[in-house]
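Have a look at the fold below, and then we'll walk through it piece by piece.

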Amino acid sequence: MKSPTVGDLEDCLLAKVDERRQQVSQIVEEVQRVVHHLTAEISHQDIRFQTVPYSDTYNGNIKVLAPSQFLVTIPVKGLAGYREAREQRWRYYTLQGTRLSCPLQDPEGLQQWLEVEQFMKSLWQWHEADVNIEGDIVPAKVVQVFRKLVENAIGTCHLSGKVSMLTHHSAVWVAVETAIGQVELELVPAVEIPTAWSAKARWPPCLRRWPSRQRVECIKSFGFALLACSHYHWQLSFLQAEQVLLEQLDEDGGCRRKCLRALRQMKEDVWCPGRRPVITSHHLQTVLFWTCEKYPRPKDWRVFSKAFLRLVRKLHKCVSQHFLKHYFVRKSNLLRFANSGDLDAVAQRLALFLKNPQISPP
């Protein structure tokens, strides 16, 4: 009996996609209620952190990286009127307050310093020593404050039976019990900057046909954010801009988003399953953006099977080379800190699929 091919099983694969979407939507709804409850209490205890609102539609603060792994950004409050730093300076401090003989390493790629003076308006609490060292708002100290608030909020909100802290991380992770199963959330304080585009994101380069100039201006108008993900440097994030780019992909009637959903389904079922996969939905989304730029014509996205295999080949190349450029900050490699052995295992599975592109029926 002939094995089903990509073309033969398009409907079958997309049926699984619909099933996944319903399941994830249910999990997101539960997660939203928990996050809203926790952050409302946190905001009540510390004015610097905002409540994450509950939304019946898309929630820009919740990013599904995998069905059991979520990134939740917690907007901070009291920092307005952002501007790029005017001058560079050396930093000799440590988180413990001691002095170094050599300066701290400068930020690379997706990272930057953040000085309180870069904001035209700031609450006095951002000048306090619990988050500020020598004028810098230090992400590790922000996370330290935030972690205690999360721990207290779990108890105050009587969520101890549903939410638990995961203590083996420097970042703030919690496990949430849902009707479908346990999911893990990384809760990350975020400085949202909707009024500017990062100087590090030199996008788009010249002579690109995709996206259009009008679309570029629209996307840049959503600004960026800075996430408290490391000790001294803030990490640039473009989640909202990326979402806008995604939502407007198929206005020409193409199958780009359908291909992305199918790619994600195969990744989760076959190529890279697990609770904390080395390849996430964000990586797949970035692969799609690069492929759209290389193949900007509508006719390149009319036939699902061809477009899907084109994406798989691009993913295989990136995973094999351990190199995937961030779409907006092109000097940054999104796979730089990924486990090499895990990447090689995914590359092998992708190579097998490309050698004989078949999908086992569910």
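Let's start with Glu-242, which counts as buried because its relative accessibility is just 3%. Here buried means under 20% relative accessible area, exposed means over 50%, and partly exposed is in between, with a 1.4 Å probe and protein chains only. Glu-242 sits in helix H4; helices (H or I, at least four residues) and strands (E, at least two) are DSSP runs, numbered from the N terminus. Pro-75 is 167 residues away from Glu-242 along the chain, and their C-alpha atoms are 18 Å apart.

Before going further, a word on the model: it is predicted, so local features need pLDDT of at least 70 and side-chain atom pairs count only at pLDDT 80 or more, while totals for chains, interfaces and linings use all residues. Residues are numbered from 1 along each chain as its sequence is written, and side-chain values use heavy atoms, with hydrogens and water left out.

**Empty space**

Glu-242 also helps line the largest cavity, together with Tyr-58, Lys-63, Leu-239, Gln-243 and Gln-285. The structure holds one cavity of 30 Å³ or more, and the largest has a volume of about 30 Å³. To find such spaces, a 1 Å grid is laid over the protein atoms alone: a cavity is a set of points where a 1.4 Å probe fits but cannot get out, a pocket is an open set with protein on both sides within 12 Å along at least five of seven lines, and lining residues have an atom within 4 Å of a point. Grid points are joined across faces, edges and corners, and a volume is the space filled by probe spheres set on the points. H4 gives the largest share of the cavity's lining, three residues.

Then there is the second largest pocket, with about 850 Å³ of space. It is lined by 24 residues, and the closest to its centre are Tyr-58, Val-64, Gln-243, Arg-257 and Arg-264. Two or more lining residues come from each of helix H1 (10–45), strand S1 (62–66), helix H4 (239–247), helix H5 (256–271) and helix H6 (281–294). H1 gives the most, with seven residues.

What kinds of residue line this pocket: nonpolar, polar or charged? The lining divides into eight of each kind, while the largest cavity has two nonpolar, two polar and two charged. In this count Ala, Val, Leu, Ile, Met, Phe, Trp, Tyr, Cys and Pro are nonpolar, Asp, Glu, Lys and Arg are charged, and the others, Gly among them, are polar.

**Two helices**

H6 has 14 residues and reaches 20 Å from its first C-alpha to its last, close to the 20 Å expected at 1.5 Å a residue. That expected span is 1.5 Å times one less than the number of residues. Because 13 of its 14 residues are buried, H6 is largely enclosed by the rest of the structure.

Helix H2 (residues 139–156) has 18 residues and spans 25 Å from first C-alpha to last, close to an expected 26 Å. Its buried residues include Val-142, Phe-146, Leu-149 and Ile-154.

**Unusual backbone spots**

Most residues other than glycine have a negative phi, and most peptide bonds are trans. Here are four places that go the other way.

| Place | Backbone value |
|---|---|
| Glu-134 | positive phi near 50° |
| His-158 | positive phi near 55° |
| Trp-203 and Pro-204 | cis peptide bond, omega about -5° |
| Trp-210 and Pro-211 | cis peptide bond, omega about -10° |

Glu-134 is in the loop between strand S6 (132–133) and strand S7 (136–137), and it is partly exposed at 44% relative accessible area. His-158 lies in the loop between H2 and strand S8 (163–166) and is exposed, with 71%. Pro-204 is found in the loop between strand S10 (182–193) and helix H3 (213–220), and Pro-211 lies in the loop between S10 and H3 too.

**Cysteines**

How many disulfides does the whole structure have? A search finds zero, where a disulfide is a pair of cysteine sulfur atoms within 2.5 Å. For Cys-218, the closest cysteine sulfur is in Cys-292, 16 Å away, so it is too far for a bond. Cys-218 is partly exposed at 28% relative accessibility, whereas Cys-157 is buried at 10% relative accessible area.
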